[in-house]
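Please work through the following exercises with the sequence and the coordinates at hand. Each task is followed by a solution in steps.

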Amino acid sequence: MSLRIPDRLGGRAAIAGIGATEFSKDSGRSELALAAEAVRAALADAGLRPGEVDGLVTFTMDTSPEITLAQAVGIGELSFFSRVHYGGGAACAVVQQAALAVATGTAEVVVCYRAFNERSGRRFGAGAQRHQPSAEGVALGWVLPFGLLTPASWVAMTARRYLHVHGLRPEVFGRVAVSCRRYAATNPAAYFYGRPLTLAEHAASRWIAEPLRLLDCCQETDGGLALVVTSLERARDLRHSPAVIRAAAQGAGHAQEMMTGFYRADIASLPELGVVGRQLWRSTGLGPSDVQVAILYDHFTPFVLMQLEELGFCGPGEGAEFVAEDVLPLNTHGGQLGEAYLHGMNGIAEAVRQLRGTAVNQVAGAANVLVTAGTGVPTSGLLLGADG
Amino acid sequence: MSSDLDRRLRAYQGRPAACGTGKDPVNAPMIRHWCEAIGDRNPAWAGKEPLAPPAMLQVWTMAGLSGGPPVDPPGGPSGSPPPSALPELTALLAESGCTAVVATDCEQEYLRPLRPGEVITFESVIESVSPRKKTRLGHGHFITTVMEIRADGIPAGRHRFRVLRYAPGAPPEKPAGPRPERPRPVVNRDNAGFWDGVAERRLLIQRCTACGRLRFPWLPGCAACGSPHWTTVESAGTGTVHSYVVMHHPPFPAFDPPYAVGLIELAEGVRMISNVVGVEPGRITVGMPVRLEFLSAGEGQLLPVFRAVEPGRRMLPPMTVPITRTLIVAGALASRDFQDVHHDPEAARAKGAPDIFMNILTTNGLVGRYIGENFGPRAVIEKMAIRLGVPNYPGDTLTLTGTVAEDGDPREVTVTGVNALGRHVSAAVVLREAGR
């Protein structure tokens with residue numbers, strides 16, 4: 001994919017297998033064990049043996065190295081291994097990396113994985129008060145002495161500006177929470193299975209980093225998730241109908257920062273996702289009206305609204321109204337607010353299920369599903385389609 | 001049991017507290033000593049016909065080192081003064097464990113300036129005794145007295161004074177001393193220049209010498225033109241709140257939630273994250289004007305923070321006062337306050353403080369000095385009310401800042417003094433700018 005010319009990746013690779021552990025608040029096993037379990041499940045789902053895997057991709061934040069995971073799962077020689085940086089912004093990019101490897105013949109079967117004990121181990125929401133004096137540490141370090149120490153607080157700064165620019169109140173963020181929890185309530189794999197939410201309950205939840213309330217923040221989860229990527233031709237011979245990778249893109253904006261993008265001209269938007277969206281639409285010739293399901297990374301509710309606006313589903317400031325109208329099935333697994341926080345990887349698995357026709361909240365005729373990764377950071381996106 | 005005590009305490013309300021004549025008339029030597037201790041160089045308090053600084057009002061009524069009852073008014077109009085109920089009240093509170101005392105509030109009204117030679121007489125009553133309260137120092141009772149002060153028999157001022165008599169925690173509930181430090185800035189060769197500037201109380205912005213673009217955060221190259229060459233410009237320190245967050249959860253030891261973090265857009269056009277101070281978090285608005293000041297955040301660490309200015313008010317420049325042992329001791333003695341906690345470290349430690357600390361009369365004097373430095377010798381203070389927060393210990397630095405209403409005569413001024421422990425004093429002052 002390129003910013004200026006259409007790429008030739010679309011239609012050459014597909015997601016052929018998905019696998020996950022249970023989603024919990026205390027897994028009781030190591031992050032490596034979770035990763036291995038998810039990878040075995042994904043390979044079984046695809047109908048492939050570990051020995052057939054020659055590529056592995058994960059997040060730079062993952063604690064299970066590709067070489068160690070390979071040993072634990074019984075994968076032998078590897079011809080491709082890669083990692084993507086920037087936290088949850090990597091989610092769709094790991095699939096892009098795998099697709100690129102498959103399309104160029106660098107590898108035949110690539111597994112993407114992410115596993116952590118994010119709830120029982122190191123919680124991102126607990127905040128970090130210290131960083132190394134690297135360029136990355138310095139970039140985050142500008143905000144630490146003033147007490148802006150958590151992901152919620154970084155997003156809240158953008159969210160406040162968004163509300164101000166559009167003359168909205170923090171209660172509008174509740175639309176996203178209510179929508180996600182409605183789907184989670186009917187998803188047995190979701191942490192919030194059987195527990196829908198009302199706008200009033202959202203508005204009554206306590207402040208975390210005003211204007212963000214508790215129910216504007218996704219949950220924290222222990223678990224693992226893996227995806228098997230191979231060529232479309234090979235995928236057609238495997239157990240499930242392929243989820244075709246029609247387009248995959250990464251994006252970073254002007255003056256991009258890692259969660260602290262406060263210095264760019266307009267902070268009430270997500271230009272990094274604009275970069276991704278422009279590539280996805282141009283590469284496929286599709287637009288918002290061609291998408292039947294959208295899985296938008298929901299670490300914090302305001303960024304779902306801003307993603308809808310950035311991708312052209314609605315105009316600036318109209319995101320909450322758009323969600324309320326309920327015209328686009330959104331985060332049909334319950335999202336990270338409702339199902340689990342797996343750094344966006346569980347959203348990709350949901351997109352695959354929608355295309356296979358096996359989702360618990362199945363959308364009839366789902367042929368094109370848009371998936372995004374974490375925003376507010378350098379991000380990524382996928383347009384997945386049904387085969388044929 | 002406690003309610004029985006409360007009932008007995010309430011009975012002291014309205015009873016006499018002190019009545020008498022100042023041990024010395026208003027006099028130039030005491031004025032000079034006091035001005036030297038406080039560092040007050042207001043010319044109105046010097047020269048051949050000095051006036052007494054209004055903040056000295058209480059000084060003329062102090063008993064001094066010998067203590068004892070105030071001098072009876074010699075042939076005063078009321079004959080022999082009524083006996084004070086304070087010793088009895090103090091003894092009753094001491095019985096209940098409240099053996100320590102600390103002043104918390106001082107509200108003064110000045111009806112006219114005092115001049116050398118005038119004889120001070122005063123009468124005070126116990127205005128209120130609070131039920132038992134839980135405070136940072138321990139359980140205790142607030143006692144408020146109101147004193148009418150005359151000079152040569154003519155009303156000159158009113159002095160409302162509140163002390164906390166408390167049971168010192170043994171051991172104290174929280175160890176005294178500075179709160180845990182904030183996270184330090186992350187500094188490397190690329191941004192050291194910024195923090196070096198902050199250490200000199202200068203907020204430096206990088207400026208590309210090739211294209212002239214200002215930039216923040218600091219980077220070794222220009223995002224607009226790519227040039228590695230740059231210089232710095234010093235920010236004028238004014239800006240507006242571009243966005244803000246009020247932090248509630250999770251708690252961090254160095255911060256007291258809810259606290260406000262702002263994205264400040266400087267007048268020069270760049271933005272930075274900082275704290276918005278001087279306004280309740282709930283009253284911050286996007287677009288609110290702010291002004292730079294520097295906060296001492298632990299050993300050798302200054303931080304640039306921004307004080308919000310509410311509509312209709314303007315900022316006063318800050319005044320920084322190093323809290324030396326000399327200032328604390330000289331201020332206490334010049335105000336005739338010989339309480340041992342203000343000059344004797346051993347005695348202070350025995351009462352649960354880590355060291356000696358500044359007395360309220362010195363703080364009052366520093367607020368008065370700040371007003372004088374901002375409004376000049378012609379300004380006349382009509383009222384000054386201060387409330388103390390955390391103590392001033394030796395080695396700290398007190399920074400006084402203030403805002404003043406744009407309009408009105410008399411004008412209303414608010415002053416805040418912060419040190420490394422937090423807010424030391426909040427003051428509300430009413431003055432006439434050209435009253436002399």
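The exercises below concern a predicted model and treat strand pairing and the contact between two chains.

**Exercise 1. Strand 1 of chain A**

Task: Determine which strands pair with strand 1 of chain A, and in what sense.

Solution.
Step 1. Locate strand 1 of chain A, which comprises residues 13–20.
Step 2. Take strand 7 of chain A, residues 222–231: strand 1 of chain A pairs with this strand in the antiparallel sense over seven bridges. Within this pairing, Gly17(A) has Val228(A) as its bridge partner.
Step 3. Take strand 8 of chain A, residues 243–251: here too the pairing with strand 1 of chain A is antiparallel, over two bridges. Ile15(A) has Ala243(A) as its bridge partner in strand 8 of chain A.
Step 4. Examine burial, taken as under 20% relative accessible area. Seven of the eight residues of strand 1 of chain A are buried, and the strand is mostly covered.

**Exercise 2. The open sheet of chain B**

Task: Establish the strand order of the three-stranded open sheet in chain B, and explain why strand 8 and strand 9 each have one side without a neighbour in the sheet.

Solution.
Step 1. Read the order, which is 8-7-9, with antiparallel pairing.
Step 2. Strand 8 (214–215) and strand 9 (230–234) of chain B are the edge strands; each has a single partner strand, so one side of each lacks a neighbour in the sheet.
Step 3. Check one pairing in detail. Strand 7 of chain B, residues 204–208, joins strand 8 of chain B through two bridges in the antiparallel sense. Arg207(B) has Leu214(B) in strand 8 of chain B as its bridge partner.

**Exercise 3. The interface of chain A and chain B**

Task: Characterise the contact between chain A and chain B by residue counts, buried area and polar pairs.

Solution.
Step 1. Count residues: 38 of chain A are in contact with 38 of chain B.
Step 2. Assess the area. The two chains bury about 3200 Å² between them, with 66% of it on carbon and sulfur atoms. Trp142(A), Pro145(A) and Phe146(A) supply 26% of the area that chain A buries against chain B, more than any other three residues.
Step 3. Consider polar and charged pairs. There are zero salt bridges between chain A and chain B, whereas 16 residue pairs across the interface are in polar contact.
Step 4. Assign the chain A side to elements. Helix 4 (135–141), helix 5 (151–166) and strand 5 (207–210) of chain A each give two or more residues to it. Helix 5 of chain A gives the most, with six residues.
Step 5. Classify the residues on this side of chain A: 20 are nonpolar, twelve polar and six charged.

**Exercise 4. Strand 5 of chain A**

Task: Identify the strands that pair with strand 5 of chain A, and the residues opposite Ala209(A).

Solution.
Step 1. Within chain A, strand 5 pairs with strand 6, residues 212–213, in the antiparallel sense over two bridges. The two strands form a hairpin with one residue between them.
Step 2. Across the interface, strand 5 of chain A pairs with strand 10 of chain B, residues 238–247, also antiparallel and over two bridges.
Step 3. Place Ala209(A). This residue stands opposite Leu212(A) in strand 6 of chain A, and its bridge partner in strand 10 of chain B is Met247(B).

Conventions. Residues are numbered from 1 along each chain as its sequence is written. Chains are lettered from A and ligands numbered from 1 in the order in which they are written. This is a predicted model: local features need pLDDT of at least 70, side-chain atom pairs count only at pLDDT 80 or more; totals for chains, interfaces and linings use all residues. Side-chain values use heavy atoms; hydrogens and water are left out. Two strands pair if DSSP finds at least two bridges between them. Helices (H or I, at least four residues) and strands (E, at least two) are DSSP runs, numbered from the N terminus. Contact means heavy atoms within 4.5 Å. Buried area is the accessible area (1.4 Å probe) that two parts lose on being put together, summed over both. A salt bridge is a side-chain nitrogen of Lys or Arg within 4 Å of a carboxyl oxygen of Asp or Glu. A polar contact is a pair of N or O atoms within 3.5 Å; within protein, one must be able to donate a hydrogen and the other to accept it, and residues adjacent in sequence count only if both atoms are side-chain atoms. Ala, Val, Leu, Ile, Met, Phe, Trp, Tyr, Cys and Pro count as nonpolar, Asp, Glu, Lys and Arg as charged, and the others, Gly among them, as polar. Buried means under 20% relative accessible area, exposed over 50%, partly exposed in between (1.4 Å probe, protein chains only).
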